[in-house]
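Visitor: I work at the bench and would like a close look at one part of this protein, the way its helices pack. Could you walk me through that, and then through a few residues elsewhere that deserve a second glance?

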Amino acid sequence: MSVAKKEYKKVTVKSLVEMKSNNEKISMLTAYDYTMAKIVDDAGIDVILVGDSASNVMAGHETTLPITLDQMIYHASSVVRAIDRCLVVVDLPFGTYQGNSKQALDSAIRIMKESGGHAVKLEGGAEIEQSISRILTAGIPVMGHLGLTPQSIYKFGTYTVRAKEEEEAIKLKEDAKLLEQLGCFALVLEKVPAKLAQEVAESISIPVIGIGAGSGVDGQVLVMHDMLGMTHEFNPRFLRRYLDLHSEMTNAFKQYITDVKNVDFPNEKEQY
């Protein structure tokens, strides 16, 4: 069943709550640089996440752990300069908020002041309650993140689906309600069973955006490089590739090399 969409000249945290109440799904993608963010924003995306996944797709690290606050601010600044409409959410990187609420606030303030981002995202539930509360006291919007939390990969030991067992599922539900009570404006659920994700989305008033969490949530997020097919080694069940840019770009590069080698480029019309 199609739902009439409200046109938003500027998407805000309030807009996302309205979308949930109007049963309009929220679209969210990652971006890390000016050129790609401009294309995504022009296409009409609701939210750009400047994700710490930049550590993987932009810098080539195996995990999200190495990326620094300065690097996140650099990527976020590039994205913010490109956008006119969408909401820009910026990940707080590993080591900038866990276990120290003052450091968490300082990190969030730096992101807001130096990048111009609109909100920050933190991974975790009750264990980071103080950090979330302190950031919110400064008037900085916070998006939560539960389920598979990549910054905790060495604790989990694997990127497998989370909360399949009852004990972990109960904690996830409790954490989701806690994040809502603290004042988070939205929540990302990553790689959790679809039925559980839907239960969480229906139990809280704030939007739940899923990645590998089924269709019963309030929106979806994917890493841009994955959905465009620029990366080709990563093939989780939840990923839909909308393009195969890896092949398209490889063919273009090969054609360029051939044209240069054969003195076909530049031709007479392509020189002065």
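Guide: Happily; what follows starts with the helix packing and then visits single residues. Please keep in mind that this is a predicted model.

Let's begin with helix H8, which spans residues 166–182, and helix H9, which spans residues 194–203. Their axes lie 10 Å apart and meet at an angle of about 25°. Angles under 35 degrees count as roughly parallel, and H8 and H9 are therefore roughly parallel to each other. Their crossing is right-handed. On the H8 side, the contact is made by Ala169, Leu172, Lys173, Ala176 and Lys177. H9 answers with Leu196, Glu199, Val200 and Ser203. Sorted by class, this contact of H8 with H9 holds 5 nonpolar, 1 polar and 3 charged residues.

H8 has another partner in helix H6, residues 129–137. Here, too, the packing angle is about 25° and the axes are 10 Å apart, so H6 is roughly parallel to H8. H6 passes H8 in a right-handed crossing. The residues in contact are Glu129, Ile132, Ser133 and Leu136 from H6, together with Leu178, Leu179 and Leu182 from H8. By class, that makes 5 nonpolar, 1 polar and 1 charged residues for the contact of H6 with H8.

Now for some single residues, starting with Ser55 in helix H3, residues 54–57. Ser55 is buried, its relative accessible area being 0%. Leaving out residues up to four places away in sequence, Ser55 touches Gly60, His61, Thr63, Thr64, Leu65, Pro66 and Ile67. One of these, Thr64, sits in the loop between H3 and helix H4 (69–80). Thr64 counts as buried as well, at 5% relative accessibility. With residues up to four places away again set aside, the contacts of Thr64 are Asp52, Ser53, Ser55, Asn56, Pro150 and Gln151.

Asp52 leads us on to Asp91, since Asp52 is among the residues that Asp91 contacts. Asp91 belongs to strand E3, residues 87–91, and counts as buried at 3% relative accessibility. Apart from neighbours within four places in sequence, Asp91 is in contact with Leu49, Val50, Gly51, Asp52, Met72, Ile111 and Lys121. Gly44 is 47 residues from Asp91 in sequence, and the C-alpha atoms of Gly44 and Asp91 are 21 Å apart in space.

What about cysteines? Cys86 is buried, with 0% relative accessibility, and Cys184 is buried at 2%. A search of the whole structure finds 0 disulfides.

Finally, a few backbone details. Asn23 is not a glycine, yet its phi is positive, near 60°. Asn23 lies in the loop between helix H1 (13–21) and strand E1 (26–30), and is exposed, with a relative accessible area of 59%. Lys191 also has a positive phi without being a glycine, at about 50°. Lys191 is placed in the loop between strand E6 (186–190) and H9; at 18% relative accessibility, Lys191 counts as buried, the cut-off being under 20%. Further along, Phe265 and Pro266 are joined by a cis peptide bond with omega of about -5°. Pro266 is found in the segment after helix H11 (245–261).

Definitions and conventions: Residues numbered from 1 in each chain as written. Predicted model: local features only at pLDDT ≥ 70, side-chain atom pairs only at ≥ 80, totals over all residues. Heavy atoms only, no water. Axes fitted to C-alpha atoms, helices over the stretch in contact; angles between N-to-C directions. Helix = DSSP H or I, 4+ residues; strand = E, 2+ residues; numbered from the N terminus. Parallel < 35°, antiparallel > 145°, perpendicular 65-115°, else oblique. Left-handed = near helix turned anticlockwise from the far one by under 90°. Contact = heavy atoms within 4.5 Å. Nonpolar A, V, L, I, M, F, W, Y, C, P; charged D, E, K, R; others polar. Disulfide = S-S within 2.5 Å. Buried < 20%, exposed > 50% of the residue type's maximum accessible area, 1.4 Å probe, protein only.
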